[in-house]
Amino acid sequence: AITAIGIVTSCLACISILYSIAASLVVPAAIGRYAATGELGAAFKFGAVIKMVRENLGSYFMVFLGVIVSGLVASLGTILCVIGVLFTTAYSMAINGHLVGQAYNAAEGSGAAAPAEPIPAAD
C-alpha cells in the first residue's frame, strides 16, 4: 500500500510540475492582456491568451526564466541582510512587470505600448 501511495504521489508531482510550467507561461500573457485593456474579462479569454502564448512562446519563455532569476536575486536580500529583502523583492517585482510588458508588446507586434485610456480616479 505504501508503494502504491509513493507511485501515485510521484506521478501527481510530475503532473503538478508540468502544470506549474504551463501556468507560468500563460499567466503573464493574461496579466498583459488585463493591463493593456483594463478589463478583467480580457485576462479570462483563455483561447486568446493561449493563442498569444503559442504564437510568442519564446517571449513568454524568457519571462519565465526572468522571473526565476529575479526571484533568486530577491532571495539574496534575505541572505545578505534581512532588511535587504524589502529592496530586492521590490526590484524583482519591477523587473517582472517590465518583462511581462515587453513580452506583451512583442506578442502584439508593436515596439511600444499604445496609449491607453487613463484609469478614472475613484470618488
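In this predicted model, the buried residues of α4 (57-80) are covered by, among others, α1, α3 and α5. The residues tucked away in α4 are Tyr60, Val63, Phe64, Gly66, Ser70, Ala74 and Gly77. As for its length, α4 runs to 24 residues and reaches 35 Å from its first C-alpha to its last, close to the 34 Å expected at 1.5 Å a residue.

Helix α5 (84-108) has a comparable story to tell. What covers its buried residues includes α1, α3 and α4, and the list of buried positions in α5 reads Gly84, Ser92, Asn96, Val100, Ala103, Tyr104, Asn105 and Ala107. With 25 residues, α5 spans 36 Å between its end C-alpha atoms, close to the 36 Å expected at 1.5 Å a residue. Just past the end of α5 sits Gly109, with a positive phi of about 80°.

Then there is α1, which takes in residues 2-37. Its 36 residues should span 52 Å at 1.5 Å a residue, and the end C-alpha atoms are 51 Å apart, so expectation and model agree. Buried in α1 are Leu25, Pro28, Ala29, Ala30, Gly32 and Arg33. Their cover includes α2 (40-43), along with α3, α4 and α5. Right after α1, Gly38 takes a positive phi, here about 75°. Cys11 also has its place in α1; Cys11 counts as partly exposed because its relative accessibility is 45%. From Cys11 to Gly109 it is 98 residues along the sequence and 39 Å through space, C-alpha to C-alpha.

Where do the helices pool their nonpolar residues? The largest nonpolar core has 14 residues, and those with the most contacts inside it are Leu25, Ala29, Met52, Val53 and Tyr60. Each of α1, α3, α4 and α5 supplies at least two residues of this core, with α5 giving the most, at four. Of the well-connected residues, Leu25 and Ala29 are among those buried in α1, while Tyr60 is one of the buried residues of α4. Met52 touches Ala29, Arg33, Tyr60, Tyr104, Ala107 and Glu108, leaving aside residues up to four places away in sequence. Among these partners, Arg33 is buried in α1, and Tyr104 and Ala107 are buried in α5.

Helix α3 covers residues 46-55 and includes Phe46. Phe46 counts as exposed because its relative accessible area is 51%, over the 50% cut-off. Phe46 also takes part in a nonpolar surface patch of about 530 Å², made together with Tyr34, Leu40, Phe44 and Ile50.

The charged side of the story is brief: a search of the whole structure turns up one salt bridge. The side chains of Glu55 and Lys51 meet in a salt bridge at 4.0 Å, N to O. Both of these residues, Glu55 and Lys51, lie in α3, four residues apart, about one turn of the helix. An α-helix has 3.6 residues a turn, so residues three or four places apart point the same way. Glu55 and Lys51 are both exposed.

Key:
Residues numbered from 1 in each chain as written. Predicted model: local features only at pLDDT ≥ 70, side-chain atom pairs only at ≥ 80, totals over all residues. Heavy atoms only, no water. Patch = residues over 30% accessible without salt bridge, like charges linked within 9 Å, V, L, I, M, F, W, Y side chains within 5 Å. Areas by Shrake-Rupley, 256 points an atom, 1.4 Å probe, with all protein chains shown as cover. Buried < 20%, exposed > 50% of the residue type's maximum accessible area, 1.4 Å probe, protein only. Expected span 1.5 Å × (residues − 1). Contact = heavy atoms within 4.5 Å. Core = buried A, V, L, I, M, F, W, Y, C linked by side-chain atoms within 4.5 Å.
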